[in-house]
Amino acid sequence: MKFSTCLLFSFLIIGVVSYENKFRFAGTILCKSDKPWCIRIRVIEVDSLIDDEIAADDFCSNETTRTYDIEGVDENDGLLDRNFEIQMVVTHNCSRSTDTVFKTHIRRIPLPKGPTEHATIRQHLNLNTNNPQ
Ligand SMILES: *[C@@H]1O[C@H](CO)[C@@H](O)[C@H](O)[C@H]1NC(C)=O
Ligand SMILES: *[C@@H]1O[C@H](CO)[C@@H](O)[C@H](O)[C@H]1NC(C)=O
């Protein structure tokens, strides 16, 4: 096969079986601090070759408790039988002036067989202890 034919063929295969997975992540954030604090939340799919960013948000606050609610979409190429492996990477300056980074444990979500709107994934983030529980 010529390269161009091969490329077209690949597009056809992927085009037929790929479908969208909608994700929503929500929860509360706790930060006891005298100063305003800033946070960046990235939700990534860790088992792909390059960490795939599904959703992200960043903001600053003066409050002790804040909520977050972010949505994102990840394509499932349907070629591999595997799970979504989802992790949050949280960067913040709640208790220090320099940025602190921590990650939540990896959640495995079985790949559905068609386009799916997944149930909201709830995760509390305590920035004082860097504990995701
Ligand atoms: C925090 O409060 C100060 C003083 O009221 C205000 O100037 C600042 O914009 C606030 N910061 C955020 C991120 O809300
Ligand atoms: C966090 O970063 C913001 C923006 O740079 C700054 O205003 C705030 O004072 C910092 N908070 C702490 C605890 O250093």
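Where is the place of I86? I looked it up and found I86 in strand 5. I note at the outset that I am working with a predicted model.

**Entry 1: I86**

I asked whether I86 is buried or exposed. I86 is buried, because 24 other C-beta atoms lie within 10 Å and the threshold for burial is 20 or more. I then listed what I86 touches, leaving out residues up to four places away in sequence: V43, E45, I54, I106, R107 and I109. I also checked one pair by C-alpha distance: I86 and H105 are 8.4 Å apart in space and 19 residues apart in sequence.

**Entry 2: strand 5**

I went on to the strand that holds I86, which covers residues 83-92. Its side chains alternate between two faces. I recorded the faces as follows.

- F84, I86, M88, V90 and H92 point to one face and are buried.
- N83, E85, Q87, V89 and T91 point to the other face and are not buried.

Next I looked up the partners of strand 5. Strand 2, residues 37-45, pairs with strand 5 in the antiparallel sense, and I noted seven bridges. Within strand 5, Q87 is the residue that stands opposite I44. Strand 6, residues 100-103, is also an antiparallel partner of strand 5, over four bridges. There V90 has F102 of strand 6 as its bridge partner. Strand 7, residues 107-110, pairs with strand 5 over four bridges, again antiparallel. I noted P110 in strand 7 as the bridge partner of N83.

**Entry 3: the nonpolar core**

How many residues does the largest nonpolar core have? I read off 17, and V43 and L127 have the most contacts inside it. Strand 1, strand 2 and strand 5 are the elements that give two or more residues to this core. Strand 2 gives the most, with five residues.

I followed L127 further. With neighbours within four places in sequence left aside, L127 is in contact with I29, L30, C31, W37, H92, C94 and S95. One of these, H92, belongs to the buried face of strand 5.

**Entry 4: strand 1 and E20**

I turned to strand 1, residues 19-30, and took E20, which is found in this strand. Why does E20 count as exposed? E20 has 12 C-beta neighbours inside 10 Å, and the cut-off for exposed is 12 or fewer, so E20 falls in that class. Apart from neighbours within four places in sequence, E20 is in contact with V73, E75 and P115. I also logged E20 and E117, which are 97 residues apart in sequence, with a C-alpha to C-alpha distance of 8.4 Å.

The pairings of strand 1 I wrote down one by one.

- Strand 4, residues 65-76, pairs with strand 1 in the antiparallel sense over twelve bridges; Y19 has N76 as its bridge partner there.
- Strand 8, residues 116-117, runs parallel to strand 1 and is joined to it by two bridges; K22 stands opposite E117.
- Strand 9, residues 121-122, pairs with strand 1 in the parallel sense over two bridges; R122 is the bridge partner of A26.
- Strand 10, residues 125-126, is joined to strand 1 by two bridges and runs parallel to it; N126 stands opposite L30.

L30 had already come up in Entry 3 as a contact of L127.

**Entry 5: the ligands**

Which residues are around ligand 1? I found P36, C60, S61 and N62. By class, I counted two nonpolar, two polar and no charged residues in this shell.

Around ligand 2 I found S33, K35, P36, W37, C38, C60, N93 and S97. This shell has four nonpolar, three polar and one charged residues. P36 and C60 appear in both lists. W37, listed around ligand 2, is also a contact of L127.

**Entry 6: the chain as a whole**

I closed with the overall figures. The secondary structure comes to one helix and ten strands. Along the sequence I read the pattern α-β-β-β-β-β-β-β-β-β-β. Of the 133 residues in the chain, 17% are buried. I also took the contacts between residues at least 6 apart in sequence: 67% of them join residues at least 24 apart.

Note on methods. Residues numbered from 1 in each chain as written. Chains lettered and ligands numbered in written order. Predicted model: local features only at pLDDT ≥ 70, side-chain atom pairs only at ≥ 80, totals over all residues. Near = placed C-beta within 6 Å. Nonpolar A, V, L, I, M, F, W, Y, C, P; charged D, E, K, R; others polar. Pairing = 2+ DSSP bridges. Core = buried A, V, L, I, M, F, W, Y, C linked by C-beta atoms within 7 Å. Contact = placed C-beta atoms within 7 Å.
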